[in-house]
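This report goes through one protein chain, from a pair of charged residues to its strands and its overall figures. Please look at the sequence and the structure below before reading on.

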Amino acid sequence: MKRFNRIISSLLILAVLGFSCSGPAQKIENEEETAFTGQVIQVSQQQFVEDRMEIGEISMQNFEEVVTCNGYVTAPSNGMAEVSSPISGNIRSISCYIGDYVKKGQQMFFLESIELLKLQQEFSIAYSKLKRVKSDYDRSKALYEENIGTEKEFIATESEYLSVQSTYQSLKIRLGLLRLDVNKIEDGELYSTFPIYSPISGYITTQMVVIGQFIEPTDVMVEIVDVKQLQLKLSVFEKDVNQLKAGQTVLFKSMVEPDFTHVAKLTSVGKTINDESKTIQCLAKIVDDTAVTLTNKSYIEARIEVGKVSAAALPTDAIVKSGKDYYVFVLEKKEDNNYFLKPEKVKLGKVSNGFTEIVNGPENEKIITAGAYNLRIE
């Protein structure tokens with residue numbers, strides 16, 4: 001009997017302990033679900049002034065509707081040049097390097113070439129021969145017009161003259177492409193080297209030659225990019241293309257400058273869908289003066305502004321994040337130069353020009369719109 005009583009007593013004690021433990025646990029759980037409910041923060045007039053707090057209300061603001069996409073910076077065909085040599089030769093001197101800015105017509109290299117010497121030799125021979133056959137042609141023509149010479153002799157002389165003249169002009173043009181003075185070559189002054197000039201103004205982005213290297217006409221020596229003509233090549237999803245049209249503003253950031261926003265204008269919308277990515281390529285011209293800091297072929301993230309929508313909003317400075325949630329501080333009352341503020345959870349939407357859309361939050365309430373960053377939710 002005593003043993004039975006002890007068992008009953010033990011069971012009663014366990015039941016009491018279980019009841020006492022389950023109560024606080026349930027209370028804590030409820031507190032987590034209703035975190036910050038009813039909490040009031042008191043702010044003195046002095047703190048209000050020192051933290052530059054302001055009181056306002058939710059207002060209607062315009063937000064840009066945007067299409068997000070990515071792409072890369074590129075140069076148009078007339079904004080980029082790959083420089084090569086008209087004839088083969090060896091690099092004798094280099095006067096510019098990667099990162100240098102060169103102007104159109106600026107000398108970049110000097111090449112020495114055996115082919116150059118042969119070309120000048122052929123030109124000199126053609127020039128001397130042309131002078132001789134031209135003299136024969138002029139004499140034959142005069143005799144033929146006076147009915148002294150025969151037509152057959154005149155035609156033969158004329159044919160030789162035109163053939164030599166064609167060879168001379170062809171060699172002259174080739175030497176002209178090398179930027180050499182053909183008048184000096186005709187006088188017997190031959191060149192042992194020839195220069196390579198920049199065809200456009202821009203920055204050297206790639207250089208693939210060194211002094212002494214042998215160069216063929218098919219070899220690219222340097223790549224030059226005119227950063228003033230840089231544009232964006234954007235990949236836009238098929239579902240968003242119908243919202244796009246030329247002239248819309250494009251705001252974009254590069255990986256090199258993630259905190260700086262550049263501006264471009266949409267210039268064309270593609271008509272072909274990429275089978276793999278299901279995107280359409282669009283082009284945008286960079287319009288801000290900061291484009292000189294961009295790099296050709298660099299990756300960018302962009303937002304194309306396609307319209308505007310009006311929505312209830314607060315200054316972004318009015319919103320405080322706590323954990324995964326966002327709060328604003330509602331003015332409950334003001335007594336004895338003290339402000340009594342109550343945090344209220346809000347759901348956010350679009351962000352633009354220092355304002356954030358309030359999708360779900362307090363209505364017709366006075367709210368701290370500035371200086372809320374020093375307030376703490378406990």
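## A salt bridge between two strands

Lys345 is exposed, at 52% relative accessibility, and Asp325 is partly exposed at 27%. Buried stands for under 20% relative accessible area, exposed for over 50%, and partly exposed for what lies in between, with a 1.4 Å probe and protein chains only. The two residues form a salt bridge in which the closest N and O atoms are 3.4 Å apart. This pair links distant parts of the chain, with Lys345 in strand E19 (residues 338-352) and Asp325 in strand E18 (residues 325-335), 20 residues apart. A salt bridge here is a side-chain nitrogen of Lys or Arg within 4 Å of a carboxyl oxygen of Asp or Glu. Helices (H or I, at least four residues) and strands (E, at least two) are DSSP runs, numbered from the N terminus.

The structure is a predicted model, in which local features need pLDDT of at least 70 and side-chain atom pairs count only at pLDDT 80 or more, while totals for chains, interfaces and linings use all residues. Residues are numbered from 1 along each chain as its sequence is written, and side-chain values use heavy atoms, with hydrogens and water left out.

## Other salt bridges

How many salt bridges does the count come to? The count comes to 9. Side chains of opposite charge can pair when their charged atoms come close. One of these pairs joins Asp138 to Lys134, with 3.2 Å between the closest N and O atoms. Both belong to helix H3 (residues 114-145), and because they are 4 residues apart, about one helical turn separates them. Asp138 is partly exposed at 36% relative accessibility, and Lys134 is partly exposed at 37%.

Asp240 also forms a salt bridge, with Lys239, and their closest N and O atoms are 3.2 Å apart. Asp240 is buried, at 11% relative accessible area, whereas Lys239 is exposed at 67%. In addition, salt bridges link Arg132, Asp136 and Arg139 in a network.

## Strand E11 and its partners

In a regular strand the side chains alternate between the two faces of the sheet. In strand E11 (residues 222-225), Val222 and Ile224 point one way, Glu223 and Val225 point the other way, and all are buried.

Which strands pair with E11? Strand E4 (residues 80-83) pairs with E11 in the antiparallel sense over 4 bridges, and Glu82 is opposite Glu223. Strand E9 (residues 202-207) also runs antiparallel to E11 and is joined to it by 4 bridges; here Ile204 is opposite Ile224. Two strands count as paired if DSSP finds at least two bridges between them.

## An open sheet of four strands

Strands of a sheet pair through backbone hydrogen bonds, either parallel or antiparallel. One open sheet has 4 strands in the order E8-E7-E5-E10, with antiparallel pairing. Strand E8 (193-197) and strand E10 (214-215) are at the edges with a single partner strand each, so one side of each has no neighbour in the sheet.

The partner of E10 is strand E5 (residues 89-94), and these two pair in the antiparallel sense over 2 bridges. Within this pair, Asn90 is opposite Phe214.

## Residues brought together from afar

Thr74 lies in strand E3 (residues 59-74) and is buried, with a relative accessible area of 13%. Neighbours within four places in sequence aside, Thr74 is in contact (heavy atoms within 4.5 Å) with Leu230, Gln231, Lys233 and Asn296.

Glu50, in helix H2 (residues 45-50), is exposed at 55% relative accessible area. Glu50 and Gly371 are 321 residues apart in sequence, but their C-alpha atoms are 9.1 Å apart in space.

## The chain as a whole

The chain has 5 helices and 21 strands. Of its 378 residues, 35% count as buried. Among contacts between residues at least 6 apart in sequence, 73% join residues at least 24 apart.

The predictor's confidence in each residue is given as pLDDT, from 0 to 100. Its mean over the chain is 84, and 89% of the residues reach 70 or more. Over residues 1-35 pLDDT stays under 50, and the model has 0 contacts for them beyond four places in sequence. Where pLDDT is low, the predicted coordinates should not be read in detail.
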